[in-house]
Amino acid sequence: VDRARDVPGVELMLPTESGNYGAISAFRLRGLKTMEQARQVQARFLTQHQVLVVAKSGLASGPVMRVTPALFNTTSELDRLVAALQAERNLLA
């Protein structure tokens, strides 16, 4: 979470206290406003980075991308998620 929090253009939908993180997390890329954009981001993360994220709507500030890292994920898989965030942070800007 700390590495992802430092990526400019990425807003994490998490509490700031590390003890309050859950297994399901969400993020928003700068400029993400519509569900169509969210679906495009979802497809790009999967095809370009082999990272599964799910577009979710309904939040007051617009759609988010849900990601669910778990205990069985490897460090290299989490590194790939952070690399994808860094690569795509300006996708919609």
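**Exercise 1. Which strands does helix H2 lie across, and at about what angle does H2 run to E3?**

Before solving, some ground rules: this is a predicted model, where local features need pLDDT of at least 70, side-chain atom pairs count only at pLDDT 80 or more, and totals for chains, interfaces and linings use all residues. Residues are numbered from 1 along each chain as its sequence is written, and side-chain values use heavy atoms, with hydrogens and water left out.

*Solution.*
- Step 1: find the elements. Helices (H or I, at least four residues) and strands (E, at least two) are DSSP runs numbered from the N terminus, and H2 covers residues 35-49.
- Step 2: look at what H2 lies across, namely E2, E3 and E4.
- Step 3: read the angle. H2 runs at about 165° to E3; axes are lines fitted to C-alpha atoms, for helices over the stretch in contact, and angles run from 0 to 180 degrees between N-to-C directions.

**Exercise 2. Work out the strand order of the sheet, and explain why one side of E1 and of E3 is left without a neighbour.**

*Solution.*
- Step 1: walk across the sheet. The order is E1-E2-E4-E3, an open sheet of four strands with antiparallel pairing. Two strands pair if DSSP finds at least two bridges between them.
- Step 2: check the edges. Strands E1 (10-12) and E3 (54-56) each have a single partner strand, so one side of each has no neighbour in the sheet.
- Step 3: add the twist, which averages 35° from one strand to the next.
- Step 4: count bridges. E2 (residues 25-29) and E4 (residues 64-67) run antiparallel and are joined by three bridges. E3 and E4, also antiparallel, are joined by three bridges too.
- Step 5: pin down the register. Ala26 sits opposite Arg66 in E4, Ser25 has Val67 of E4 as its bridge partner, and Lys56 faces Val64 in E4.

**Exercise 3. Is Ser25 buried or exposed, and which residues does Ser25 touch?**

*Solution.*
- Step 1: place Ser25, which is found in strand E2.
- Step 2: check accessibility. Ser25 comes out at 12% relative accessibility, so it counts as buried (buried means under 20% relative accessible area, exposed over 50%, partly exposed in between; 1.4 Å probe, protein chains only).
- Step 3: list contacts (heavy atoms within 4.5 Å). Not counting residues up to four places away in sequence, Ser25 touches Leu14, Met65, Arg66 and Val67.

**Exercise 4. How many salt bridges does a search of the whole structure find? Take three of the pairs apart.**

*Solution.*
- Step 1: get the total. The search turns up four salt bridges, each a side-chain nitrogen of Lys or Arg within 4 Å of a carboxyl oxygen of Asp or Glu. Side chains of opposite charge can pair when their charged atoms come close.
- Step 2: take Asp79 and Arg3, whose side chains meet at 2.6 Å, N to O. Asp79 is in helix H3 and Arg3 in helix H1 (residues 2-5), so this pair ties together parts 76 residues apart in sequence. Asp79 is partly exposed at 33%, and Arg3 is partly exposed at 47%.
- Step 3: turn to Glu11 and Arg28, with the closest N and O atoms 3.1 Å apart. Glu11 belongs to strand E1 and Arg28 to strand E2, so the pair ties together parts 17 residues apart in sequence. Glu11 is partly exposed at 41%, while Arg28 is buried at 8%.
- Step 4: look at Arg39 and Glu36, which meet at 3.7 Å, N to O. They are three residues apart in helix H2, so about one helical turn separates them. Arg39 is partly exposed at 44%, and Glu36 is partly exposed at 44%.

**Exercise 5. At roughly what angle do H2 and H3 cross, and which residues make the contact?**

*Solution.*
- Step 1: compare the axes, which come within 11 Å and cross at roughly 120°.
- Step 2: classify. That makes H2 oblique to H3, because angles under 35 degrees count as roughly parallel, over 145 as roughly antiparallel, 65 to 115 as roughly perpendicular and the rest as oblique.
- Step 3: name the contact residues: Arg44, Phe45 and His49 from H2, and Arg80, Ala84, Leu85, Ala87 and Glu88 from H3.

**Exercise 6. Where is Leu92, and which residues is Leu92 in contact with?**

*Solution.*
- Step 1: locate Leu92, in the segment after helix H3 (75-88).
- Step 2: check burial. Leu92 has 19% relative accessibility and counts as buried.
- Step 3: leave aside neighbours within four places in sequence, and the contacts are Arg30, Gly31, Leu32, Gln37 and Val41.
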